[in-house]
Amino acid sequence: MTTTTATAVRTGQAAARATGLNKVYGEGETRVVALDNVSVVFPQGEYTAIMGPSGSGKSTLMHCMAGLDTVSSGSSMIGDTELVGLKDKQLTQLRRDHIGFIFQAFNLLPTLTALENITLPMDIAGRKADKQWLDRVVETVGLSGRLSHRPSQLSGGQQQRVACARALASKPDIIFADEPTGNLDSRSGAEILSFLRNSVRELGQTVVMVTHDPVAAAYADRVVFLADGRIVDELLSPTADSVLDRMRRFDAKGRTS
Amino acid sequence: MYRTALRNVLAHKGRLLMTALAVMLGTAFVAGTMVFSDTFGKAMSNSYSKSFSDVSVQVTDPAAGSEARAREKSERGPAALTDATVQQIAALPGTAAARGVVGGFTGVADKKGNLIGEAWNARGANFAPGPDGKDSRYPMAEGRGPRAAKEIALDRGTADKAGYKVGDTVRVASNGPAVDATLTGIFGTDDPQVVSGGTLTLFDRATAQQLLLTPGQYSSIVVTAKPGTGETALADAVRPAVPADGDRFRIETGQELKDEQAKMVANGTSSMKTMLLVFAFISLFVGIFIIANTFTMLIAQRTKELALLRAVGASRKQVTRSVLVEALVIGAVSSVAGLVAGIGIGAGMQALIGAIGTGMPSGPLVVAPLTIVVALLVGVLVTVLSALLPAVRAARIAPVAAMSSGDQPSTQKSLVIRNAIGSVLAGGGLALVAYGASTGNDSGRTPVGLGAALALIGVFVLLPLLSRPVIALVGPVLGKLFGTPGKLARQNAVRNPRRTAATAAALTIGLTLVSAMTVLGASVGGAVDRAVTSAMKADFNVAMANGMALSPQVPAEIAKTSGVAASSALTAVYWELGDRTRSITGIDAKSADQLLSLTYTSGSGAGLGKGEILVDSDLARSKALVPGSTLAVTYPDDTRGSYKVSGVFEKNEMLSPVVLDNAEIAKHDQDPYITDVLVKGAGGESASLKQSLKDATGANPAIEVKTKQDVRDQFSQIITFALNMMYGLLAMSVIIAILGVVNTLAMSVFERKREIGMLRAIGLDRTGIKRMVRLESVVISVFGALVGVLLGCFVAWAVNGTMKSSIAGLTTVVPYDKMALFLALAGLVGLVAAFWPARRASRLDILDSIKTD
């Protein structure tokens, strides 16, 4: 199995694409290669999970592809836009208009109501929210009755649902979710994961999720495995068991080699 | 635990910087004030101690000459110090020498005709040569002393200032027409008045007497004792030789004069010191808010750490103590820095004053041990006391908080109790102030003072409560103008009301004082202005620049000037009227109608020409006077009479409570004190008449011819000067308040790192982040300033209420343009304060910030 598997041409247009991505930290002795010639495509309308052990570079890959971090070499694209070489201002605009984010720690503004948090990216851009879409999103995440609540009045699961709604509200080209269930109990986590899956199936969104939980990964259409900064495998239509199985194999391989 | 405290100080160097600066500036102000006033006082007393070196006994006639005050002048008898007195004293067995001194105001014009130096510091005296033609007191450096009329000698500094050489013609003047004299000599002297930048002109004795006093009269006699004769014994011997006129002639020994002088210097410097220290303590008080705020924020940030300490077994006391030790270290370090800076300020001030050349005496820098003790003690105490409350709160952190994963202490203690206390204080204070203001006189001062203090404290306690509604008012504007950053800024500003309040309070204090002074200045200025100019129907007012009496020649000359329709001297005498000595204004009855416009509440001014008096409404009320009633009078010559009241006029600042015809005054006082001359022009106010009037005063550089507008300008100048000085002194507390804003913002940015990172991630650009922080700063600053301006106006209104009886027609005038300017400046302050925190916030690394730890 080689790294080329993940770059195999798939149906549908690419929402994001990385080609020969390298990310190196430090110099000399302290030099760490976080990403080693990674090429990957995230097609539109697909729910991809990125998995791998700690330090495998999965978060770094996401940050680089989402325009939050710079790359050492290679190319990273969102739709038709090349991220490498963009100025901070352009990157910020790109994130604002084309990318949605869901963080592990919810990251809501405590001073804003749920609704205000959801429309924040549009407010920043100075755009009006698409009312119909917004209603649909709010209904899907099941927050209709709590829109005027502040984050401190919501449970963790509800807060993360607000964060999901925020990511979806501006109809981004792609949503990056970084361990979205990391801070949640299993029931709230399951709600969020099915919600993400629904947003792909029913709302036609594209979601890329970093996780280390096989159960979470099983909600995705495809799982990409990373180890030591390289893409080492991928799995279509995963189940929790098949993902766990693959993970065990890496562990075993890592120990024997 | 002490090690933990020290480590904490070192670890949070950056975050403690502003606190340290605030303490440092406060102590520097205190130390600087003390060093400067000690140095200044020492230099002054050094300089003045020289002036009485050859004086054993001095006899002074305070009623002699143009420098005498109106009251002394009207109460004097016919006796005077004459040559006979001098000879009599010189003949005493214990006398080595007796010198008759003639002194009085003498102005010297420069080559352009303007007065050299300040009018209050310009004097003339008699040159008293011995048999050798020299006067040991005034050794001539160039030329010779004056011997005849139209000859003068000048001190070196004055001659140099104007570029006069021996042989030049110099225009000098006392309170009458100017004289052109030949400069015969230039002398050096250690006379402190000259050393401190004053002007001294020497005449020969006869000229000096004629110009400054009356021929044959002296203003004082300086007696030097023979060796072996004590000063006190000599003074006793001199006493019988001095004409008896009550206790008018003062006989003082050299020692008494020196003591008196030292006391005066000490009083002068100590009142200056007190005033400066008041402002220094205001700065420190402002600092308290910042220090308390910093420690509260630091402790909030360290909740987990402190809880951990408690969890591993530290007692509450130990936690409190560790915070206090931290404060102690900061206080000590900052106070030492402040002390050093303060000494620097003292030295700088001295150098500055020397450079400006105001002629203040100079001397070595005095750093008294008291200065060091006070500065260090004050700095440390203020810091530790400010940290006390946060330290006690720190001890209340439960050990279990170490385990919680909360990002920020979100639970805020209810403000209910605080608001209740604040409301009671503010309400009670306002009620007291309103009551005090309603009294309309001095008796209201205590309730107003107390009430204002209570109301101020109450409002400060209520600031967190006030912050939400007040800031909510500007919310829509911010959102409209600045979009999301504006909206976020507003919400951040009210997020932690206690913190916002503490930050804003620092500015509120300064702005309360500044606007109270401004409103008071405008109100009093307006009232005085109206009072003075409303009563003045005349076109011109002629008076001495230094407020001394005019020579009788001046009104006589003016009356003769062409273009003058009417003119009259305004005289001031103090006679026993009714039960006590009262001040009386004299005016020529025949021209009074053309020069004054009085509002009569009853009667009229018709009787003025018939030797009747006019009284003002206050006096009429207190003595139950109506037109037709009579008032008993005792004249200076102890004869008695009575005056009939002709009319009652509304009180005004230009006239005394009693007005009488000059002709009537002249019957009992041939040489009354002339304060002003009022002039009505035939063709109204004109530049040519002004020039003619100036010519009529003999081009005396010390006599001012003022139009109504000039009079107004002069008053507003005095008020502006006083206000500017206050602004300057309050600047320090505003600077400290700015540090507080910087501090709060920097801490907030640090605490909200995650949020800022998130905002950046979801698409707010650097400019937006910067704008958000800046606007928050502006909102907090303007909020603090707004409350301050309102409080200031209120306090000024209350103070005005207590002064109504002393200043006629006083109403509260709010200069809205200035108030708006203050608010705009506060906004600017907010922008400046946010510069660094905003920059920092915009440069935060996104990934670093949103990292969950």
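Two strands pair if DSSP finds at least two bridges between them; strands here are DSSP runs of E, at least two residues, and helices are runs of H or I, at least four, numbered from the N terminus.

Setup: I'm on a predicted model, where local features need pLDDT of at least 70, side-chain atom pairs count only at pLDDT 80 or more, and totals for chains, interfaces and linings use all residues. Residues are numbered from 1 along each chain as its sequence is written, with chains lettered from A and ligands numbered from 1 in written order.

Entry, β15(B): I looked up V542(B) and found V705(B) as its bridge partner in β24(B) and V677(B) in β23(B). β15 (residues 540-544) joins β24 (residues 703-707) by five antiparallel bridges, and β23 (residues 673-681) by three, also antiparallel. I see F540(B), V542(B) and M544(B) pointing one way, N541(B) and A543(B) the other, and all are buried (20 or more other C-beta atoms, placed from the backbone, within 10 Å of a residue's own).

Entry, helices: I checked α2(B) (residues 13-49) against α21(B) (residues 708-751): the axes come within 9 Å and cross at roughly 170°. The axes are lines fitted to C-alpha atoms over the stretch in contact, with angles from 0 to 180 degrees between N-to-C directions. The two helices are therefore roughly antiparallel (over 145 degrees).

Entry, confidence: I noted an average pLDDT (predictor's confidence per residue, 0 to 100) of 85 for chain B, with 96% of residues scoring at least 70. The complex gets an ipTM of 0.84 and a pTM of 0.78 from the predictor.

Methods:
Buried ≥ 20, exposed ≤ 12 C-beta atoms within 10 Å, placed from the backbone. Parallel < 35°, antiparallel > 145°, perpendicular 65-115°, else oblique.
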